[in-house]
Amino acid sequence: MLAKPNALLFDLDGTLLETAKDLGNALNHVLQTMQRPLVSYEQYRNIASNGAKGMLELGFGEELDSLNFDDLRAQFLTHYETNICVDTVFFEGIEPLLNELNKQDIPWGIVTNKPEFLTQKLVQHFPLLNECKVIISGDSLPERKPHPRPLLHAQEQLDIQSPTTWYVGDAQRDIQAAQAANMTSVVAEYGYLPSIQESQTWSADIHISHPLDLLTFI
């Protein structure tokens, strides 16, 4: 039986926030400037957790090797930063989940591979996220997920005696990081998974198909 958490950490994209549409908008902006075919939400949704590199690989395929990747990535990030919260929203159930954690005095934080300048700009659009106790971004430390250090550093910042921390994410690197940090790992199946079937091979402790499912385990 799993020990009840006294702290929770969350991934950001694909776990707390539905960011795929704004990331897809940035990709399609770059594709349009390069006179390439645009991609649909259904095509890019489950790639969104892989950041600029994954999205550009989707859009350009093998052709990306013959193009200036750094220039394309800069165009992608510039457009995304400028339009970071046009279509981004909380996943259904996240707001009541976080409010319940606050009600139960269970501290929570965010550990993401998103660069800090984008993380901070995005979080500002969601006052509830400003109630989190710690935010660790992809460049806050020399290491990033799947390395466990970002999770362990976030746990240290929470300053809890004998922490029993759960980490919730939608990518294999999230589960690998949680396992390496000796935290309870939770797969957010509603996020940007390659497939539910593939996530079953990650050996996570818990799988949830809706954010509020987490409360039944807590």
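**Reading a predicted model, feature by feature**

Mentor: We start with one contact in this predicted model. The side chain of Ser66 comes within 2.8 Å of the backbone oxygen of Glu63.

Trainee: In which loop does Ser66 have its place?

Mentor: Ser66 sits in the loop between α3 (51–60) and α4 (69–82).

Trainee: Does one call Ser66 buried or exposed, and why?

Mentor: The cut-off for exposed is over 50% relative accessible area. Ser66 has 61% relative accessibility, so Ser66 counts as exposed. For a sense of distance, take Thr19: from Ser66 to Thr19 there are 47 residues in sequence and 29 Å in space, C-alpha to C-alpha.

Trainee: Now a second loop residue. Where does Asn113 lie?

Mentor: Asn113 is in the loop between β4 (108–111) and α6 (116–123). Buried means under 20% relative accessible area. Asn113 is buried because its relative accessible area is 14%.

Trainee: What is Asn113 in contact with, leaving aside its neighbours within four places in sequence?

Mentor: Those contacts are Gly138, Arg144, Lys145 and Arg173. With Lys145 there is also a polar pair: a polar atom of the Asn113 side chain lies 3.1 Å from the backbone oxygen of Lys145.

Trainee: How many disulfides does the structure hold?

Mentor: A disulfide is a covalent bond between the sulfur atoms of two cysteines. This structure holds zero disulfides.

Trainee: Why is there no bond from Cys85 to the closest cysteine sulfur?

Mentor: The cut-off is 2.5 Å between the sulfur atoms. The closest cysteine sulfur to that of Cys85 is in Cys132, 16 Å away, which is too far for a bond. Taken from the other side, the sulfur of Cys132 has its closest cysteine sulfur in Cys85, again at 16 Å. As for accessibility, Cys85 is partly exposed at 25%, whereas Cys132 is buried at 12%.

Trainee: On to the interior. Which residues of the largest nonpolar core touch the most other members?

Mentor: That core has 50 residues, and the ones touching the most other members are Leu8, Phe10, Phe76, Leu98, Leu129 and Leu214. Helix α1 (residues 20–33) supplies the largest share of this core, six residues. There is also a second, separate core of 14 residues, with Val134, Leu151, Ala154 and Met183 among them.

Trainee: Take Phe10. What is Phe10 in contact with, leaving aside its neighbours within four places in sequence?

Mentor: The partners of Phe10 outside that range include Leu97, Leu98 and Leu101, then Trp108, Gly109, Ile110 and Val111. Tyr167, Val168 and Leu214 are also in contact with Phe10, as are Thr15 and Leu16.

Terms used. Residues numbered from 1 in each chain as written. Predicted model: local features only at pLDDT ≥ 70, side-chain atom pairs only at ≥ 80, totals over all residues. Heavy atoms only, no water. Buried < 20%, exposed > 50% of the residue type's maximum accessible area, 1.4 Å probe, protein only. Helix = DSSP H or I, 4+ residues; strand = E, 2+ residues; numbered from the N terminus. Polar contact = N/O pair within 3.5 Å; in protein donor to acceptor, adjacent residues only side chain to side chain. Core = buried A, V, L, I, M, F, W, Y, C linked by side-chain atoms within 4.5 Å. Contact = heavy atoms within 4.5 Å.
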